[in-house]
Amino acid sequence: MADYNRDDRSTGALFKSKNMKSEKSPAMRGELTLTKDLLRQLVDAVKAGKPAKLSISAWNNTSKAGNQYVSLAASLWVERGEDSDAPF
């Protein structure tokens with residue numbers, strides 16, 4: 001399982017919602033913790049008139065208790081050229 005206590009990575013997790021009250025309730029809930037460095041980069045982007053845009057990566061995982069969840073990693077969005085293999 002990922003080490004969510006690391007200070008050098010922006011990470012988080014999404015877990016299946018336990019108390020869905022309606023069809024419009026979120027299917028998953030969780031958290032994403034940003035490093036100070038990434039937060040500074042986002043603030044600098046906004047000050048420069050750019051959007052505070054993140055790139056999010058996700059992995060399906062299973063906890064030691066057997067609960068399925070999605071682990072997350074975030075980084076500053078980098079525009080890719082037309083030659084990129086990125087799907088977006």
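**The largest pocket and residue Ser-10**

Trainee: What amount of space lies in the largest pocket?

Mentor: The model is predicted, so local features need pLDDT of at least 70 and side-chain atom pairs pLDDT 80 or more, while totals for chains, interfaces and linings use all residues. Residues are numbered from 1 along each chain as its sequence is written, and side-chain values use heavy atoms, without hydrogens and water. A pocket is an open set of points on a 1 Å grid over the protein atoms alone where a 1.4 Å probe fits, with protein on both sides within 12 Å along at least five of seven lines. The space in the largest pocket, filled by probe spheres set on the points, is about 150 Å³.

Trainee: Which helix gives the most to the lining of the largest pocket?

Mentor: The lining (residues with an atom within 4 Å of a point) includes Gln-41, Leu-42, Ala-45, Leu-76 and Trp-77. Three residues of the lining come from one helix (a DSSP run of H or I, at least four residues), spanning residues 36-47. The largest contributor is therefore helix H1.

Trainee: What pattern does the chain follow along the sequence?

Mentor: The chain has one helix and four strands (E runs of at least two residues). Read along the sequence, their pattern is β-β-α-β-β.

Trainee: Is Ser-10 buried or exposed?

Mentor: Ser-10 is found in strand E1, residues 10-16. A polar atom of the Ser-10 side chain lies 3.0 Å from the backbone nitrogen of Thr-35. Because the relative accessible area of Ser-10 is 5%, against limits of under 20% for buried and over 50% for exposed (1.4 Å probe, protein chains only), Ser-10 is buried.

Note on methods. Polar contact = N/O pair within 3.5 Å; in protein donor to acceptor, adjacent residues only side chain to side chain.
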